[in-house]
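Student: I'm new to this one and a bit lost. Could you choose a single part and take me through it closely?

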Amino acid sequence: MKVPFQRGAALLTAMIIVTLIATLASAMVWRQYRAVQIEAADRARAQAAWILQGALDFGRLILREDARGNQSEPVDHLGEAWATPLAEARLSTFLAAEAANTDDGPEAFLSGSLSDAQALYNLRNLVTGDKVPPAEQRTLERLCDSAAVPPGTASLIIDRLRASFSSGGDAGSTALRPKSLDQLTWLGLSSDTVDRLRPLMTLLPSPTPVNLNTAPREVIAALFDGLDLASAEQLVRARQVKPLRTVQDAKAFFPESVVISSERAAVASTYFIVNSRLRLDERVLEERALVQRRGLEMVVLDRQRVNQVLERKP
């Protein structure tokens, strides 16, 4: 009777050993798979960072060449090269070893655009001086009415924005200092209100005039007292044929009662937004950078990752 019992014990021991080996092997395979996945993700992240950095450098190069060409007469308008967006292009077309062979390159597609940050009203104009300039307050109120935001939004922005800047924006203060329009939610504005204001205003590091060559009609109409949308639309259409060379050129399209201030309006810009979008395999990355043009030097003031999603292939 001992032989069958010994055989059963040996079989059970063998089964336990096989189970342990299978478990250890599965764990090793899983760890190896995770290591490969992590390495692939790190590689894709590094590739995306380099490609987006290249797109930003390309945008800075375009702005520098535009500044070089406009040294004698600083004018920025929507007919210049920087205002032409880059349609989505496959990077492997340029990176392939042979011009006729594009299958060896990565599945990466890049697109982007440059936009004039001074085409929008700058909320930083509200925090200069001891009091809010009356003209700036009226402009903000007209823009809020145009955006159809809740009543009292203009007063809320002025009070809390000035409070945040007067307090220094320290972590221990009552209000943090926002650095972008999205951060106005810190001051109590809803996300829907910020989205409504986004096409009309921005928040830049320093006060700036509005570029009449690039601003939408709603911003132009709100900028000056006594100006209506019809007159602003006239200017928008006329500048497509012949951009303004000086601020006073806008008088030909405005009523005689409108007083044009060179401190609040301009025909050239200093701040620009570089938008870039990358599709790398299944990942989509979008980045937005604020660039300040200081002569022929292009300084990156801020970079934000706008979106990072995973597209699932059917």
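**A close look at helix H3**

Tutor: Let's start with the outside: the protein chain exposes about 18,400 Å², and carbon and sulfur atoms supply 56% of that (areas use the Shrake-Rupley method with a 1.4 Å probe, and for residues only the protein chains shown count as cover). Keep in mind that this is a predicted model, where local features need pLDDT of at least 70, side-chain atom pairs count only at pLDDT 80 or more, and totals for chains, interfaces and linings use all residues. Residues are numbered from 1 along each chain as its sequence is written, and side-chain values use heavy atoms, leaving out hydrogens and water.

The protein chain has seven helices and nine strands (DSSP runs of H or I, at least four residues, and of E, at least two, numbered from the N terminus). Of its 314 residues, 37% count as buried, meaning under 20% relative accessible area, whereas exposed means over 50% and partly exposed lies in between. Look at contacts (heavy atoms within 4.5 Å) between residues at least 6 apart in sequence, and 60% of them join residues at least 24 apart.

Now for H3 itself. This helix covers residues 134-147, 14 in total. From first C-alpha to last it reaches 20 Å, close to the 20 Å expected at 1.5 Å a residue (that is, 1.5 Å times one less than the number of residues).

Which H3 residues are buried? They are Glu 136, Thr 139, Leu 140, Leu 143, Cys 144 and Ala 147. These residues cover an arc of only 135 degrees around the axis, so they sit on the same side of H3 (the arc is taken from the directions from the axis to the C-beta atoms). An α-helix has 3.6 residues a turn, so residues three or four places apart point the same way.

What lies over that buried side? The cover includes strand S3 (121-122) and strand S4 (201-202). Helices H4 (153-166), H5 (191-197) and H6 (217-223) are also part of the cover. Flip to the face of H3 turned away from the buried side and you'll find the exposed residues Pro 134 and Asp 145. Just past the end of H3, Ala 148 has a positive phi of about 55 degrees.

If you want another buried spot to visit, try Asn 211 in strand S5 (residues 210-211). Its relative accessibility is 0%. Leaving out residues up to four places away in sequence, Asn 211 touches several others, including Asp 76, Asp 116, Gln 118 and Ser 269.

Notes
Buried means under 20% relative accessible area, exposed over 50%, partly exposed in between (1.4 Å probe, protein chains only).
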